[in-house]
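Subject: Handing over a structure

Dear colleague,

I am passing on the structure we spoke about, together with notes on what was found in it. Please open it first and keep it beside you while you read.

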Amino acid sequence: MACAVIGLQEMIETSAERAGQLQAVPDAFIRPPHDRSPSLVQEQQLPVIDISDLHDPHLRPLVLQHISHACAHWGFFQVVNHGVKDEVIQEMRAACWRFFNQPASERNKFKGQENELPVGYATSFNPAVEIARDWKDVLYVRDVPGMCSNGFNLLPEICREAFQQYRSGVDELAKLLFESIFEGLGVSIASIKVKVPPAAQLVMGVNFYPPCPDPSLTYGISPHSDVGYVTVLLQDEVPGLQIKKGENWYLVKPLPNAFVINLADQIEILSNGKYKSIEHRAVTNTDKPRMSIACFYGPLNSAIIAPLTDFTSENEPARYNAVKYGDYVRNFYSKGLLPDRATLNLAR
Ligand SMILES: O=C(O)CCC(=O)C(=O)O
């Protein structure tokens, strides 16, 4: 379906104000004053975990302890020595830039808002319902078995192979982490296979945030929690990602070639709230474009997700209702991004 909303990048490129630069934030992006990013952000570094020892049966328990501590206290952590080859990461970054550096006429061949197509080039999250648009465009690609064709085979040739290679590497990492997260909670790998619907769908979003004339008026991406199981995010060297812990916001400092891992809503539901899905957002800056590549792993849309009996008892009743993941996703995409982890209300 063609999308009528003009993308941010195109708006900037065709700006008549001064050869391809906007001098002010257009009204469509300006948030109400009570709903803008406060400037106070904590500097504390999130956990950084070397996961190479997950493959060593003697050292694995120690790494699992680190992961479980990070999940319980932060819900967000960075991983290094993760096994995804450096050249695969570099080629992926280059491929993303190749896509966004094309003329608008080429990019717009893929135009379509999120959740509409197997591959799409979209702007903000859901401009049809947002009070203020986010300062970003996104190239997304989906592999949702049973729902649509595998978008990775439909990408433009200038980036297809790099995306496929990158996806293979990150799939392996996600599987390793998915198992480790449950093992850290005391669920054995054998039980996970029986009790937890597999992480069988992937939505990848390449976020492109152009420099913004006044970052205090708008967000790169509004506060939200992710809806699936886990997200594996690659940032570039430009800071922007912030997460909420208690009442404070923390910057996730970019580390070269580290992946940022975060827990999403379905892990909170399955673990009956032992682990939390964490609210996060991205802010913009005046000088540098920023790019992030998010891989959102989730179950099949037909999967029913409910707290595992491992985490419920007479004293600890289920805190979430069973939900069909497809309904959860539909609800998510029908709204703008919601703060305060409000997507979880569907299971409460
Ligand atoms: O750009 C980032 O660092 C965050 C991206 C994000 O939260 C998302 O794509 O949902």
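Strand β8, residues 241-245, pairs with β11 in the antiparallel sense, and three bridges join the two. Within that pairing, L241 has A282 of β11 as its bridge partner. Please keep in mind throughout that this is a predicted model.

These two strands belong to an open sheet of four strands, which follow one another in the order β6-β11-β8-β9 with antiparallel pairing. The edges are taken by β6 (221-224) and β9 (248-251), and since each of them has a single partner strand, one side of each is left without a neighbour in the sheet. From one strand to the next, the twist of this sheet averages 20°.

The other sheet to look at is also open, but it is built from eight strands, in the order β1-β2-β10-β7-β12-β5-β4-β3, and its pairing is mixed. At its edges stand β1 (48-50) and β3 (119-123), each of which pairs on one side only. Neighbouring strands here are turned against each other by 25° on average, if direction is ignored.

Helix α3, residues 86-100, packs on this sheet, where it touches β4 (137-143), β5, β7 (230-235) and β12, and its direction makes about 110° with that of β12. Helix α5, residues 157-184, lies across β4, β5, β7, β10 (259-263) and β12, and runs at about 130° to β7.

Strand β12 deserves a closer look, beginning with its partners. On one pairing, nine bridges join β12 (residues 290-298) to β5 (residues 201-209), and the two strands run antiparallel. Along this pairing, Y209 has R290 of β12 as its bridge partner, while L202 stands opposite Y297. On the other pairing, β12 and β7 are joined over six bridges, again in the antiparallel sense, and here it is V230 that has Y297 of β12 as its bridge partner. Y297 is therefore a residue to find on screen, as it faces L202 in one pairing and V230 in the other. How many of the nine residues of β12 are buried? Eight of them are, and the strand is thus mostly covered.Strand β3 is an edge strand of the eight-stranded sheet, and you may wonder how many of its five residues are buried. The count is five of five, so β3 is largely enclosed by the rest of the structure. In a regular strand, side chains alternate between the two faces of the sheet. In β3, both faces are covered, with V119, Y121 and T123 buried on one side and G120 and A122 buried on the other. The strand is joined to β4 by five bridges, and the two run antiparallel; V119, for instance, has V141 in β4 as its bridge partner.

The model also holds a ligand, and the residues that surround it are G205, N207, I221, D226, L233, Q235, G240, L241, H280, A282, S292 and A294. Four strands, β5, β7, β11 (280-282) and β12, each supply at least two residues of this shell. Sorted by class, the shell consists of five nonpolar, six polar and one charged residues. L241 and A282, the bridge partners from the pairing of β8 and β11, are both among the residues around the ligand.

Another place to visit is P307, which is found in the loop between β13 (304-305) and β14 (323-324). Is this residue buried or exposed? With 22 other C-beta atoms within 10 Å, P307 is buried, because 20 or more are needed to count as such. If its neighbours within four places in sequence are left aside, P307 is in contact with I269, L270, N272, T312, A318, R319 and Y320. One of these, N272, is 35 residues apart from P307 in sequence, yet the C-alpha atoms of the two are 4.9 Å apart in space.

Finally, some figures for the chain as a whole. Its secondary structure comes to eight helices and 14 strands, and 43% of its 348 residues count as buried. Among contacts with a separation of 6 or more, 77% are between residues 24 or more positions apart. The C-alpha atoms fill a box of roughly 65 × 45 × 40 Å along the principal axes. A compact globule with 348 residues would have a radius of gyration near 20 Å, and the chain, with 20 Å, agrees with this.

With best wishes

Terms used. Residues are numbered from 1 along each chain as its sequence is written. This is a predicted model: local features need pLDDT of at least 70, side-chain atom pairs count only at pLDDT 80 or more; totals for chains, interfaces and linings use all residues. Two strands pair if DSSP finds at least two bridges between them. Axes are lines fitted to C-alpha atoms, for helices over the stretch in contact, and angles run from 0 to 180 degrees between N-to-C directions. Two residues are in contact if their C-beta atoms, placed from the backbone, lie within 7 Å. A residue is near a molecule or strand if its C-beta atom, placed from the backbone, lies within 6 Å of it. Ala, Val, Leu, Ile, Met, Phe, Trp, Tyr, Cys and Pro count as nonpolar, Asp, Glu, Lys and Arg as charged, and the others, Gly among them, as polar. A residue is buried if 20 or more other C-beta atoms lie within 10 Å of its own, exposed if 12 or fewer, and partly exposed in between; C-beta atoms are placed from the backbone. The radius of gyration is taken over C-alpha atoms; the globule rule is 2.2 Å times the number of residues to the power 0.38.
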